[in-house]
Amino acid sequence: MIRASHVYRLGIKELWSILRDPIMLVLIGYGFSLLIYIAATAMPDTLNKVPIAIVDEDRSALSNRIISAFQPPEFKPPYLVNLQEVDAGLDAGYFTFSLDIPPNFQRDVLAGKSPTIQLNVDATRMSQAFSGAGYAQQIVADEINAFVQRYRQTPTEQVELAYRIRFNPTMSQPWFGSINELVEMVTMLSIILAGAALIREREHGTIEHLLVMPMTPAEIMLAKVWATGLIVLIASTLSVTFVIKGWLGIPIQGSVWFFVLLTGLYLFSTTSMGIFMATIARSMPQFGLLMMLVMMPMLMLSGGVTPRESMPTMARVLMEFMPSTHYVSGTQAILYRGAGLDMIRFEILALLLIGLVFFIVSLLRFRQSVSQTG
């Protein structure tokens, strides 16, 4: 028999142990506030103030037009350097691109020749290098065409595409980054809190005290699940309300309380996973290594970072049995698209079934570890 009073009182004890741990409280506060803000704003989706150096060996009207075309917000105002300064500047990381306009460039263009401009790229800055090279090529080509034709010609397209951008009309990176980081924080902290609660009992020797009390392993595990899950649930709700919606100004399309319900089902699985891993690990360092081996593939293959349609078939099939896949899908549907119960009922059912399986497996392992301790 599982007695609710035992589960409640032991859960209160777990809550007090977390609230009395200042380092854990700082980690929770930082993870659900500043870390989400940083993840949303630190990686812009377009070029932003990229440093570029230009060597103007032609000093003509055309070269001046090309230089003036590299302007904020995509690029910083160009550094005008000589040829000897290019390699040193790239080696020191002072600029990401260097453009070398050769002598007699304007004369060769007007004569119908095909002169060459050298573009050096610091490819260690991968995100900027990949898109910035295309930007630079397009800017140079546009300025040359406008100079030769004496006017800027807008090409006439035979087919015009009418864009209808839904759910993220400005295609803003913070909309994606903040929700994705929230999912990662919910997953990581729920596993850490649940697993650390059990390891702390073992390291402090209080697990023996629990064994002599009239409590079953199921009651002990349920208490840890609801206590640690409640902490993460409150933190995630406050994060959506005050950080994502308030601080970042991202409009939430669906119901926050519906998101809370989905998160509660997800926490049922992740806290059970944390307890299961804590029964395998013998110390917090071991638990941390084991958690990384499990959590990183689970998050990377859940569809939050990369669309699942682009993954191998085997990875897609295996991830159907992981709760993170259905949580990411349901969270994006609620917060981005305003989905209701009818649209994510499959995700809710999947989270419930997977959570029950994880809880039963973790309970069996927990009973085995408790009997060995006893």
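This note walks through a sheet, the helices packed on it, two helix pairs and one residue of a predicted model.

1. A good place to start is the sheet. Four strands make up an open sheet with mixed pairing, and their order is S2-S1-S3-S4. At the edges sit strand S2 (79-80) and strand S4 (118-121), each of which pairs on one side only.

2. Next, look at how the strands are joined. As general background, strands of a sheet pair through backbone hydrogen bonds, either parallel or antiparallel. Strand S1 (residues 52-56) and strand S3 (residues 97-101) run parallel and are joined by five bridges. To find your way along this pairing, take Ile52, whose bridge partner in S3 is Phe97, and then Val55, whose partner in S3 is Asp100. S3 and S4, in contrast, run antiparallel, with four bridges between them. Here Ser98 stands opposite Asn120 in S4.

3. S3 deserves a closer look. How many of its five residues are buried? The count is five of the five, so S3 is largely enclosed by the rest of the structure. Its side chains split between two directions: Phe97, Leu99 and Ile101 point one way, while Ser98 and Asp100 point the other way, and all are buried.

4. Two helices can be viewed together with the sheet. Helix H4 (residues 61-69) lies across S1, S2 and S3, and runs at about 175 degrees to S1. Helix H7 (residues 126-149) also packs on the sheet, where it touches S3 and S4. The direction of H7 makes about 25 degrees with that of S3.

5. Now turn to the helix pairs. Two packed helices are described by the angle between their axes and the distance between the axes. For helix H8 (residues 173-204) and helix H10 (residues 217-247), the angle is about 155 degrees and the axes are 9 Å apart. Angles over 145 degrees count as roughly antiparallel, which is why H8 is described as roughly antiparallel to H10. Their crossing is right-handed. On the H8 side, the residues in contact include Leu182, Val186, Leu189 and Leu193, and on the H10 side they include Ile231, Val232, Val240 and Ile244. Sorted by class, this contact of H8 with H10 has 12 nonpolar, five polar and two charged residues. Glu201 of H8 and Lys224 of H10 are among the residues that make it.

6. H8 has another partner to look at, helix H14 (residues 323-337): the axes of the two come within 11 Å and cross at roughly 135 degrees. That angle makes H8 oblique to H14. H8 passes H14 in a right-handed crossing. The contact is made by Trp175, Phe176, Ile179, Val183 and Val186 of H8 together with Tyr327, Val328, Thr331, Leu335 and Tyr336 of H14. By class, these residues divide into nine nonpolar, one polar and no charged. Ile179 and Val186 of H8 are worth finding in the model, as they are listed in the contact with H10 and in the contact with H14.

7. Finally, a single residue to inspect is Leu34, which lies in helix H3 (residues 34-41). Leu34 is partly exposed, with a relative accessible area of 41%. Leaving aside residues up to four places away in sequence, Leu34 touches Gly29 and Trp247. Leu34 and Val243 are 209 residues apart along the chain, and their C-alpha atoms are separated by 8.5 Å.

Definitions and conventions. Residues numbered from 1 in each chain as written. Predicted model: local features only at pLDDT ≥ 70, side-chain atom pairs only at ≥ 80, totals over all residues. Heavy atoms only, no water. Axes fitted to C-alpha atoms, helices over the stretch in contact; angles between N-to-C directions. Parallel < 35°, antiparallel > 145°, perpendicular 65-115°, else oblique. Left-handed = near helix turned anticlockwise from the far one by under 90°. Contact = heavy atoms within 4.5 Å. Nonpolar A, V, L, I, M, F, W, Y, C, P; charged D, E, K, R; others polar. Pairing = 2+ DSSP bridges. Buried < 20%, exposed > 50% of the residue type's maximum accessible area, 1.4 Å probe, protein only.
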